[in-house]
Amino acid sequence: MHSILAIYGLASLSLTAVAIVTLLFIYSTLSYKLQVITPFLGGSTIFIPTYSVAHVLDGMNFVLSIISFL
């Protein structure tokens, strides 16, 4: 019985961690976008510098989303 509660607790903790890291990643990524958006024909990509907080959060988001899936 206690092991089931521990597993549910770990699952809730991992989902909470993914949600927090995802929100921080989105907030830091949107800071790279321009304040005024104009019409543009083409794709919309954001360049994330290699040694930045957004890059670290992207890696954390990737790893935590796999852990939360398991």
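This report covers two helices, the loop between them and a nonpolar surface patch. The model is predicted.

**Helix 1**

Helix 1 runs over residues 2-30. Its length can be checked against its residue count. At 1.5 Å a residue, the 29 residues should span 42 Å, and the end C-alpha atoms are 42 Å apart, so the two values agree.

Which residues of helix 1 are buried? They are Ser 14, Val 18, Val 21, Phe 25, Ser 28 and Thr 29. Helix 2 is what these buried residues of helix 1 pack against.

Thr 29 belongs to helix 1. Thr 29 counts as buried because its relative accessible area is 10%, and the cut-off for buried is under 20%. Its side chain also has a polar partner. A polar atom of the Thr 29 side chain lies 2.6 Å from the backbone oxygen of Phe 25. Both Phe 25 and Thr 29 are among the buried residues of helix 1.

Two isoleucines of helix 1 have another status. Ile 4 is in helix 1, and so is Ile 20. Ile 4 is partly exposed because its relative accessibility is 46%. Ile 20 is partly exposed too, with a relative accessible area of 48%. Partly exposed is the range between under 20% and over 50%.

**Helix 2 and its patch**

Helix 2 spans residues 53-69. Val 53 is part of helix 2. Val 53 is exposed, because its relative accessible area is 59% and exposed means over 50%.

Phe 62 also lies in helix 2. Is Phe 62 buried or exposed? At a relative accessible area of 55%, Phe 62 is exposed. Phe 62 is one of the residues in a nonpolar surface patch. The other members are Val 63, Ile 66, Ile 67, Phe 69 and Leu 70. Together the patch residues have about 720 Å² of accessible area.

**The loop**

Gln 35 sits in the loop between helix 1 and helix 2. Gln 35 is exposed, since its relative accessible area is 78%.

**Distances across the chain**

The table lists C-alpha separations for four residue pairs.

| Residue pair | Apart along the chain | C-alpha separation |
|---|---|---|
| Ile 20 and Asn 61 | 41 residues | 9.3 Å |
| Val 53 and Thr 29 | 24 residues | 9.3 Å |
| Gln 35 and Thr 16 | 19 residues | 30 Å |
| Ile 4 and Ser 52 | 48 residues | 39 Å |

Take the pair Val 53 and Thr 29. Val 53 is in helix 2, and Thr 29 is in helix 1. Their C-alpha atoms are 9.3 Å apart. One partner is exposed, namely Val 53, whereas Thr 29 is buried.

The loop residue Gln 35 is 19 residues from Thr 16 along the chain, and their C-alpha atoms are separated by 30 Å. For Ile 4 and Ser 52, the C-alpha separation is 39 Å.

Technical notes:
Residues are numbered from 1 along each chain as its sequence is written. This is a predicted model: local features need pLDDT of at least 70, side-chain atom pairs count only at pLDDT 80 or more; totals for chains, interfaces and linings use all residues. Side-chain values use heavy atoms; hydrogens and water are left out. Helices (H or I, at least four residues) and strands (E, at least two) are DSSP runs, numbered from the N terminus. Buried means under 20% relative accessible area, exposed over 50%, partly exposed in between (1.4 Å probe, protein chains only). Patches are made of residues with over 30% relative accessible area and no salt bridge: like charges are joined within 9 Å, nonpolar side chains (Val, Leu, Ile, Met, Phe, Trp, Tyr) within 5 Å. Accessible areas come from the Shrake-Rupley method with a 1.4 Å probe; for residues, only the protein chains shown count as cover. A salt bridge is a side-chain nitrogen of Lys or Arg within 4 Å of a carboxyl oxygen of Asp or Glu. The expected span of a helix is 1.5 Å times one less than its number of residues. Contact means heavy atoms within 4.5 Å. A polar contact is a pair of N or O atoms within 3.5 Å; within protein, one must be able to donate a hydrogen and the other to accept it, and residues adjacent in sequence count only if both atoms are side-chain atoms.
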